[in-house]
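Work through the exercises below with the sequence and the model open. Each task is followed by a solution in steps.

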Amino acid sequence: MGNSYEDECRRSLAQEQAKSLAGTNGWEHVDRERVHRDWDVLYREITAFLEGGSLPGDQQIQELVRRHFDIVCRFYTPSREAYVGMSLFYAEDEAMRAFHDSYHPGMAEFMGAAIKVFAEQGSGFAPSAGAKAPA
């Protein structure tokens, strides 16, 4: 992935989250306590696979990333680009990297790689904020 694609992904994440936050009064519909519990369970499961030598593209990891995506969709359904943007945010934001890496050193990087595989192969994404309508 080139820098221009990554920049597009960062922009998509920012635009889609801003639109969703504005349209839902700051995601007031989301049970944040439950989301955090569910992510904790999920990250512990991913950690076990990571410690066992699993790779980001392995089927069991991709099934766990599907669960991650489903949790994200409690907030809003991101486009493929915004979801990749989220993986970049996990790696680039110091607090998010520290949070993910608290489960396992390298978790932020691993999740980034796994999310990118999922985005390349997955379905169920919203249209990109920057997508053009077909002519």
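Rings of Phe, Tyr and Trp (for Trp, the six-membered ring) pair if their centres lie within 6.5 Å. By that rule, Trp27, Trp39, Phe75 and Tyr76 form one aromatic cluster. The model used throughout is a predicted one.

**Exercise 1. Overall fold**

Task: State which secondary structure elements the protein has, and decide how its radius of gyration compares with the globule rule.

Solution.
Step 1. Count the elements: the protein has six helices and zero strands. Read from the N terminus, the order is α-α-α-α-α-α.
Step 2. Compare the radius of gyration with the rule. The value for the protein is 15 Å, and the globule rule gives 14 Å for 135 residues; the two are close, so the protein is as compact as a globular protein of that length.
Step 3. Add the outer dimensions. Along the principal axes, the C-alpha atoms fill a box of roughly 45 × 35 × 25 Å.
Step 4. Look at the contacts. Of those between residues at least 6 apart in sequence, 76% join residues at least 24 apart.

**Exercise 2. Surface and charge**

Task: Describe the accessible surface, the buried share and the charged side chains of the protein.

Solution.
Step 1. The accessible surface comes to about 7500 Å², and carbon and sulfur atoms account for 52% of that area.
Step 2. Of the 135 residues, 41% are buried.
Step 3. There are 14 positive and 21 negative side chains. The centres of these two sets lie 5 Å apart.

**Exercise 3. Aromatic pairs of Phe69**

Task: Classify the pairs that Phe69 forms with Tyr83 and with Phe118, and say which helices they link.

Solution.
Step 1. Set the scene: a search of the whole structure finds nine aromatic pairs.
Step 2. Take Phe69 and Tyr83. Their ring centres are 5.0 Å apart with 75° between the planes, which makes the pair edge-to-face.
Step 3. Place this pair on the chain. Phe69 lies in helix H3 (residues 59-72) and Tyr83 in helix H4 (residues 80-92), so the pair links distant parts of the chain, 14 residues apart.
Step 4. Check burial against the cut-off, under 20% relative accessible area. Phe69 is buried because its relative accessibility is 2%; Tyr83, at 0%, is buried too.
Step 5. Take Phe69 and Phe118. This pair is tilted, at 5.6 Å centre to centre and 45° between the planes. Phe118 sits in helix H6 (residues 107-121), 49 residues from Phe69 in helix H3.
Step 6. Phe118 has 6% relative accessibility and therefore counts as buried.

**Exercise 4. Ser54 and Leu50**

Task: Where are Ser54 and Leu50 placed, are they buried or exposed, and what do they touch?

Solution.
Step 1. Ser54 is in the loop between helix H2 (32-51) and H3, while Leu50 is in helix H2.
Step 2. Ser54 has a relative accessible area of 11% and is therefore buried. Leu50 is buried as well, at 15%.
Step 3. Leave out residues up to four places away in sequence. Ser54 then touches Phe49, Gln60, Ile61 and Phe110, and Leu50 is in contact with His104, Met107 and Phe110. Phe110 is thus listed for Ser54 and for Leu50.
Step 4. Add two C-alpha distances. Ser54 and Ser87, 33 residues apart in sequence, are 18 Å apart in space. Leu50 and Phe125, 75 residues apart along the chain, are separated by 26 Å.

Methods:
Residues are numbered from 1 along each chain as its sequence is written. This is a predicted model: local features need pLDDT of at least 70, side-chain atom pairs count only at pLDDT 80 or more; totals for chains, interfaces and linings use all residues. Side-chain values use heavy atoms; hydrogens and water are left out. Helices (H or I, at least four residues) and strands (E, at least two) are DSSP runs, numbered from the N terminus. The radius of gyration is taken over C-alpha atoms; the globule rule is 2.2 Å times the number of residues to the power 0.38. Buried means under 20% relative accessible area, exposed over 50%, partly exposed in between (1.4 Å probe, protein chains only). Contact means heavy atoms within 4.5 Å. Accessible areas come from the Shrake-Rupley method with a 1.4 Å probe; for residues, only the protein chains shown count as cover. Lys and Arg count as positive and Asp and Glu as negative; His and the chain ends are not counted. The place of a charge is taken as NZ of Lys, CZ of Arg, CG of Asp or CD of Glu. Rings of Phe, Tyr and Trp (its six-membered ring) pair if their centres lie within 6.5 Å; planes under 30 degrees apart count as stacked, over 60 as edge-to-face and the rest as tilted.
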